[in-house]
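Reader: I am in my first year of study and would be grateful for a close look at a single part of this molecule. Could you take the sheet as the subject and explain in one connected account how it is put together?

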Amino acid sequence: DIDGEIGVATWAALFGKETVPKPTESTSKLMQKALEFAISQIGVLERPPGSNKGKEVEEYLASVGLGGGFAWCMAFVHWCYNQAAKDLGIANPVFKTGGVLKHWEEAGKKNISRLTTEQARNKPSRILPGMVFVIDTGDPGGAGHTGFVEKVVGDTLVTIEGNTNLGGSREGIGVFRRTARKISSINKGFVDYSDF
């Protein structure tokens with residue numbers, strides 16, 4: 001996408017791919033473990049499709065105090081971090097909510113590190129595996145979409161997302177690995193739990 005910025009793709013075209021800074025690996029055991037749980041859920045599907053229900057989906061929703069039938073991308077993120085925190089014997093720092101934008105807001109209130117889209121585009125190496133991306137979809141009621149960053153490839157993200165599909169819908173049917181989100185499409189930013 002043309003954005004008027006000297007991003008990763010422009011930098012590589014001007015100075016060569018080998019000069020593009022590589023993303024750093026997260027040193028956070030919590031982020032690594034949460035990402036492992038997310039990856040382990042790839043292929044989970046709603047039962048029936050389009051219902052926001054099913055055994056696993058309802059477990060994700062229950063982790064934030066909701067029953068089946070609700071949008072569940074944020075509940076999926078919370079569940080993965082909750083499982084990771086339990087394994088590590090620590091408190092889950094992710095705010096207990098099914099609301100994507102509420103998560104973004106509460107992370108800011110708790111002084112949890114957040115990376116804006118502009119900061120991420122200017123320095124993609126700051127995007128770490130296990131970070132949680134946040135998109136404001138602009139829908140009434142403050143709707144959004146979220147998921148995990150698995151890795152950064154140029155100016156594109158490899159993500160693990162719940163309540164999506166291969167096309168990237170925020171109302172999909174399962175947990176998918178996606179390879180097409182551009183850094184610039186993450187219009188809110190990234191939440192970084194590496195301090196935990």
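**The sheet and its surroundings**

Author: In strand β3, the residue that bridges to V134 is T146. This pair is a suitable place to begin, with the reminder that the model is predicted. A second pair links the two strands: V132 has F148 of β3 as its bridge partner. In total, five bridges join β2, residues 132-136, to β3, residues 144-153, and the two strands run antiparallel.

V134 also has a partner in another strand, for its bridge partner in β6 is G189. The pairing of β2 with β6 is likewise antiparallel and extends over three bridges. As for its surroundings, β2 is mostly covered, with four of its five residues buried.

One may now step back to the sheet as a whole. It is an open sheet of six strands, paired in the antiparallel sense, and the order across it is β1-β6-β2-β3-β4-β5. The edges are formed by β1 (114-116) and β5 (174-182), each of which pairs on one side only. Neighbouring strands are turned against each other by 30 degrees on average, with direction ignored. A helix also packs on this sheet: α5, residues 100-109, touches β1, β2, β3 and β6 (189-191). The direction of helix α5 makes about 120 degrees with that of β2.

Let us next consider the charged side chains, beginning with the strands. Side chains of opposite charge can pair when their charged atoms come close. R178 and E161 form such a salt bridge, and their closest N and O atoms are 3.7 Å apart. Because R178 belongs to strand β5 and E161 to strand β4 (residues 156-164), the pair ties together parts that lie 17 residues apart in sequence. Both R178 and E161 are buried.

Helix α5 offers a further example. There the side chains of E105 and K102 meet in a salt bridge, at 3.7 Å from N to O. These two residues are three apart in helix α5, so about one helical turn separates them. With a relative accessibility of 37%, E105 counts as partly exposed, and K102, at 34%, also counts as partly exposed. Salt bridges with shared partners join K102, E105, E106 and K109 into one network. Another charged residue, R114, lies over the face of W104, at 4.4 Å from the ring centre.

Beyond the sheet, the structure has a salt bridge between the side chains of D87 and K33, at 4.0 Å from N to O. D87 lies in helix α4 (residues 73-88) and K33 in helix α2 (residues 29-40), so this pair ties together parts that are 54 residues apart in sequence. K33 counts as partly exposed, its relative accessibility being 24%. The count of salt bridges comes to 10.

Finally, the account returns to F148, the bridge partner of V132 in β3. F148 belongs to one aromatic cluster, together with F37, Y60, W72, F76, W79, Y81, Y193 and F196. The structure holds eight aromatic pairs.

Technical notes. Residues numbered from 1 in each chain as written. Predicted model: local features only at pLDDT ≥ 70, side-chain atom pairs only at ≥ 80, totals over all residues. Heavy atoms only, no water. Pairing = 2+ DSSP bridges. Axes fitted to C-alpha atoms, helices over the stretch in contact; angles between N-to-C directions. Contact = heavy atoms within 4.5 Å. Buried < 20%, exposed > 50% of the residue type's maximum accessible area, 1.4 Å probe, protein only. Phe/Tyr/Trp six-rings, centres within 6.5 Å; stacked < 30°, edge-to-face > 60°. Lys NZ or Arg CZ within 6 Å of the ring centre and 35° of its normal.
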